[in-house]
Amino acid sequence: MVRVHVAPPKTGEDMVKQVSCPFCTNREPALKENGTAWAFLSNPRKVPGHFLVAPKRHIEKPWELTQTELKDIFLLIFFIEKQLVSKLGQGVDIRQNYRPYIPQDTIKVDHVVFHVYPRYHQDYLYQVSEKFESDLFTELDPAETEEFMRLLNP
Ligand SMILES: [Zn+2]
């Protein structure tokens with residue numbers, strides 16, 4: 001069965017945001033694209049091969065992606081992962097941040113985007129950041145599991 005997804009009409013506020021969105025107006029060139037998604041290099045970037053995969057449509061909340069957009073985005077992500085693993089790293093990180101509390105600037109853009117970057121053992125990202133994060137981990141309390149079970153299943 002084929003499902004057709006129709007984007008809701010854009011409001012005046014959406015149009016203003018789209019005009020001011022660097023991914024809609026002034027992003028790096030797409031190095032790969034499909035029906036509804038683009039892949040381009042992050043500028044600025046964390047490491048060589050730091051890709052951004054985004055819907056062509058301006059969306060700010062990841063849960064507003066249509067099934068078609070999700071599929072197109074993940075087809076591009078998995079394609080890039082395969083290329084990176086065979087040529088630039090031993091592994092890949094995929095990251096999506098939803099941070100409406102941070103104003104848009106040259107590093108944070110409101111347009112939904114997935115970060116994809118190559119990783120290898122004790123790489124630059126590990127050396128400058130992740131090696132300091134091991135203290136963040138703590139044992140999971142069963143009461144916390146119950147609490148989140150209720151959150152997801154009200
Ligand atoms: Zn945009």
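This is a short tour of one helix and the strands around it, in a model that is predicted.

**Stop 1: helix H3.** Start by selecting residues 67-87, which make up H3. You are looking at 21 residues that reach 30 Å from the first C-alpha to the last. That is close to the 30 Å expected at 1.5 Å a residue.

**Stop 2: the buried side.** Now show side chains for Glu 69, Asp 72, Ile 73, Leu 76, Ile 80 and Leu 84, which are buried in H3. Turn the view to look down the helix axis: the buried residues fall within an arc of 100 degrees, so they line one face of H3.

**Stop 3: the other side.** Next, pick Gln 67, Lys 82 and Ser 86. These are exposed residues, and they sit on the face of H3 turned away from its buried side.

**Stop 4: what the helix packs against.** Go back to the buried residues of H3 and bring up the strands. The buried residues pack against E1 (32-33), E2 (37-41), E3, E4 and E5.

**Stop 5: strand E5.** Select residues 114-119 for this one. How many of its six residues are buried? Five are, so to speak of E5 as mostly covered is fair.

**Stop 6: the partners of E5.** Add residues 51-55, strand E3, which runs antiparallel to E5 and is joined to it by three bridges. To find one of the pairs, click Val 53: its bridge partner in E5 is Phe 114. Then add strand E4, residues 91-95, which also pairs with E5 in the antiparallel sense, here over five bridges. Finish on Gly 91, whose bridge partner in E5 is Arg 119.

Conventions. Residues numbered from 1 in each chain as written. Predicted model: local features only at pLDDT ≥ 70, side-chain atom pairs only at ≥ 80, totals over all residues. Buried ≥ 20, exposed ≤ 12 C-beta atoms within 10 Å, placed from the backbone. Helix = DSSP H or I, 4+ residues; strand = E, 2+ residues; numbered from the N terminus. Pairing = 2+ DSSP bridges. Expected span 1.5 Å × (residues − 1). Arc of directions from axis to C-beta. Contact = placed C-beta atoms within 7 Å.
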